[in-house]
Amino acid sequence: MSVYSYKYGGNLYLNITNRCMMACPYCIKYKWTGKFRGHSLKLKKEPTVQQVIDSIGDPTKYGEIIFCGYGDALIRLNEVIEISKWLKSKNVRIRINTAGLANRYYNKNILPQLKGLTDVISISLNGTNPQEHNKLNNPMFNEESFDEILNFAKLAKEYIPTVVITAVELPGLDISKIKEIAKTIGVLFRSRPYLDEYEEH
């Protein structure tokens, strides 16, 4: 059975697509065969807005509602906006986890559409330059993707209260350089653990 929302660490995560702008070989979507700590996140069919809302229940029970499944939610921008409007009517905190390529994907700045609906945007940057990023992540726009992500992060500051660049602690990746990039842009930074062996909980 497809899971559209799942609880983890006091927050609720929304799994609205398995499509992504990256094909990272280290992604646990592949290594954990669509599972995440006891939840099957492989979608047979992408859910409707109403199916996602129905799966949430009372959103005020959670610290944050996070768009983060085994795909990039901004590929379904209209659905993110509709779900977020409903969540904001309940006065809850919303975070979007993204690869940071939505503006290039749509060939326009989509961030104004998220203003007032998103409290935090978390942008994944696993690479210290265009070549390394392209090699590690297989992004949709190849080596151009690195600068697209940086531009997205810079622009996001104008529309989203909290912008965070994150990096996975991959073997051989110089996390300190990515932290410095975040500092230069003027956004927060957070490292994420490299997950290898499947964890049930």
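**Entry 1: helix H7**

I began with the surroundings of helix H7, whose buried residues pack against helix H6 (144-156), strand S8 (162-168) and strand S9 (188-192). I note here that the model is a predicted one.

I then looked up which residues of H7 (residues 175-185) are buried, and found Ile175, Ile178, Ile181, Ala182 and Ile185. These residues lie on the same side of H7, because they cover an arc of only 115 degrees around the axis. I next turned to the face of H7 that points away from this buried side, and recorded the exposed residues Lys179, Lys183 and Thr184 there. Just after H7, I found that glycine 186 takes a positive phi of about 95 degrees.

**Entry 2: the sheet**

I traced an open sheet of 7 strands and wrote down its order as S1-S2-S5-S6-S7-S8-S9. The pairing in this sheet is mixed. Which strands are at the edges? I identified them as strand S1 (5-8) and S9, each of which pairs on one side only. For the twist, I noted an average of 25 degrees from one strand to the next.

S9 thus enters my notes twice, as an edge strand and as a packing partner of the buried residues of H7.

I recalled that strands of a sheet pair through backbone hydrogen bonds, either parallel or antiparallel. I therefore asked in which sense strand S7 (residues 120-124) and S8 pair, and the sense is parallel, over 5 bridges. Within this region I located serine 124, which stands opposite threonine 166 in S8.

**Entry 3: glutamate 64**

I looked up glutamate 64 and placed it in the loop between helix H2 (49-56) and strand S5 (65-67). Is this residue buried or exposed? Glutamate 64 counts as buried because its relative accessibility is 11%, and the cut-off for buried is under 20%.

I then listed what glutamate 64 touches, not counting residues up to four places away in sequence: Asn11, Leu12, Arg93, Arg95 and Val120. With one of these, arginine 93, the side chain of glutamate 64 makes a polar contact through the side chain of the arginine, at 3.2 Å.

**Entry 4: the ends of helix H5**

Last, I examined both ends of helix H5 (residues 130-137). At its start, a side-chain oxygen of asparagine 129 reaches to within 3.1 Å of the backbone nitrogen of glutamine 131. Just after H5, asparagine 138 takes a positive phi of about 50 degrees. I set this beside my note on glycine 186, which takes a positive phi of about 95 degrees just after H7.

Note on methods
Residues are numbered from 1 along each chain as its sequence is written. This is a predicted model: local features need pLDDT of at least 70, side-chain atom pairs count only at pLDDT 80 or more; totals for chains, interfaces and linings use all residues. Side-chain values use heavy atoms; hydrogens and water are left out. Buried means under 20% relative accessible area, exposed over 50%, partly exposed in between (1.4 Å probe, protein chains only). Helices (H or I, at least four residues) and strands (E, at least two) are DSSP runs, numbered from the N terminus. The arc is that of the directions from the helix axis to the C-beta atoms. Contact means heavy atoms within 4.5 Å. A polar contact is a pair of N or O atoms within 3.5 Å; within protein, one must be able to donate a hydrogen and the other to accept it, and residues adjacent in sequence count only if both atoms are side-chain atoms. Two strands pair if DSSP finds at least two bridges between them. Axes are lines fitted to C-alpha atoms, for helices over the stretch in contact, and angles run from 0 to 180 degrees between N-to-C directions.
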